Each structure stands twice: as structure tokens, then as C-alpha cells.
Amino acid sequence: MRKGLVFSLLLISLLCMADPVSAQLNVRTQLGYGISNSSILGTEIDQVAEWSTLVTTTYSYEDLLFGAMYHGAHGLKEGRLGRSTMQLSANYQAVNEEALRVYGGLGYQLLGVRIKHPDVENNDNLKFSGRGFVGQAVVEIDIAENFRAQATITGTPWFKWDYSQGGITDSNIDKGSSFNYQVDMAYDFNPEYGIQLGLMGGSYGIPKFEFQHNPMEQTNGSFTGISAGVVWRF
């Protein structure tokens, strides 16, 4: 959570130096609940319920849309399964109609997957750390006065992964994947704040690799859930 807030604060500090004309800063905080499915090093894990926190900051200036995001998820079942995602992004407005805006751009994402489960590697603490550039698309639709929808999709098939176990980290892993989506419906009570309901989900994939000369099977996971929170607008 602390790293995510640092990402957001850094972006806000840089962007607030810009000319405020035609600029808008949005900060969203949401709590979520959902489920995840995983196959960890070839071992299938039962479906796990999880709760999550989501902090998103966007800054629009003329035809540009900048963003910072932190998403942390924590499993609620036996063992300890969790994820943390941080991302910075920059997008350019490709479509600007009366009630429709479409942006496309790039981001840089950090993804950590934390694992401690009795069926995996003798219940040892494991961690996968991913990083890389992602493509991003953002669609905003004005449905009615003070009521709008937004969809954000990010993904890449060329994510770089590291694996850590017992204090040893191995980077000898081929490129994997990362994909995320967020669909929100927001209602503004006034120009300063509103509420937001959303559907979020995603997946990640890590190919087979060798760790300390031992073959390790592929790892993949997917998740989906709902979220609710508050929007502040500056």
C-alpha cells in the first residue's frame, strides 16, 4: 500500500506543476471483494475469496490523460495468497465526441504475487515479481447528467518475471503475460465528489522455468470482483 501511495503522490506532484487551465485531477479509493483461481507451479488451488483495495489517480490535461494506480488483493482462505499491482500510465485522446472519449497509450506496471500454501513447495514463502510496459485503452461515456461509465483495459504478453524462494531469486524465466480490466459506473453529487461502483478482473501467466536446477511447472492465475468507493475531483 505504501509503495502505491508513493507512486500516486509522485505523479500528482509532477502534474500539478502544469497549467491548470483545462486540467482535472481525479482521485478514487475503492474496496473490493471477489474470487481468484490459480495454478501455482503446476498445482491447482481451490477457488479463493479475496478482498482488495484500489487507489487510482488520473490527471487530464487537454488531449492527455495520465494515471497512477495501486491494487492490493489478499486471500481469505487457507494459506496466504495475495497480489499487489502498481502502474503509471500516459494516454492520448483519440476520440472526443459529445458523450464519448477514447484514450490509448502506454504504462509501466509492477506486479507481485505472494504465495504460502500447504500444497505448494512444502508451505514455503514464494514470490513472483513481474514488471514491464503495458498497452492501455480508456473509454469514458457520459450516460446522463452527473452519471457516467468508464472502462480501462491494460495488458501485455511480454511481462518479465522473477521467482523468489528461501531468500534466493531467479530471473531465468521466459516472458509471461499480464492483463487487467476495470469497468466503473460513477455518480457525481457535486463537482467535487461522487460515488463509484465497479467490476474488476484480470489474469497473469508465468511459463515453465528452472530453479536451482529443478524444473518448475507453469503458474497462472485469474481474478474477478466488485468494488465500491468514493471519487474526489480537483
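**Exercise 1.** In this predicted model, find which residues form one aromatic cluster with F159 and W161, and classify the F159–W161 pair.

*Solution.*
- Step 1. The cluster consists of F128, F159, W161, Y163, Y204, F209 and F211.
- Step 2. A pair of aromatic rings is described by the distance of the centres and the angle of the planes.
- Step 3. For F159 and W161 the centres are 5.4 Å apart and the planes stand at 65 degrees. Pairing requires centres within 6.5 Å, and an angle over 60 degrees counts as edge-to-face, so F159 and W161 form an edge-to-face pair.
- Step 4. Both F159 and W161 are buried.

**Exercise 2.** State how many aromatic pairs the structure holds, then describe the pair of Y108 and F133.

*Solution.*
- Step 1. The total is 11 aromatic pairs.
- Step 2. One of them, Y108 with F133, is edge-to-face, at 4.9 Å centre to centre and 75 degrees between the planes.
- Step 3. Y108 belongs to strand 5 (residues 100-116) and F133 to strand 6 (residues 126-144); with these positions 25 residues apart, the pair links distant parts of the chain.
- Step 4. Y108 has a relative accessible area of 32%, so Y108 is partly exposed. F133 reaches 57% and therefore counts as exposed.

**Exercise 3.** Locate the charged end of R83 relative to the ring of F223.

*Solution.* The charged end of R83 sits over the F223 ring, 3.8 Å from the ring centre.

**Exercise 4.** Identify the elements with the lowest and highest mean pLDDT.

*Solution.*
- Step 1. The protein averages 90, and 90% of the residues score at least 70.
- Step 2. Helix 1 (residues 2-15) has the lowest mean, 49, and strand 6 the highest, 97.
- Step 3. Residues 14-21 have pLDDT below 50; this stretch has seven contacts in the model beyond near neighbours in sequence.

Definitions and conventions:
Residues are numbered from 1 along each chain as its sequence is written. This is a predicted model: local features need pLDDT of at least 70, side-chain atom pairs count only at pLDDT 80 or more; totals for chains, interfaces and linings use all residues. Side-chain values use heavy atoms; hydrogens and water are left out. Rings of Phe, Tyr and Trp (its six-membered ring) pair if their centres lie within 6.5 Å; planes under 30 degrees apart count as stacked, over 60 as edge-to-face and the rest as tilted. Helices (H or I, at least four residues) and strands (E, at least two) are DSSP runs, numbered from the N terminus. Buried means under 20% relative accessible area, exposed over 50%, partly exposed in between (1.4 Å probe, protein chains only). A charge sits over a ring if NZ of Lys or CZ of Arg is within 6 Å of the ring centre and within 35 degrees of the ring normal. pLDDT is the predictor's confidence in each residue, from 0 to 100. Contact means heavy atoms within 4.5 Å.
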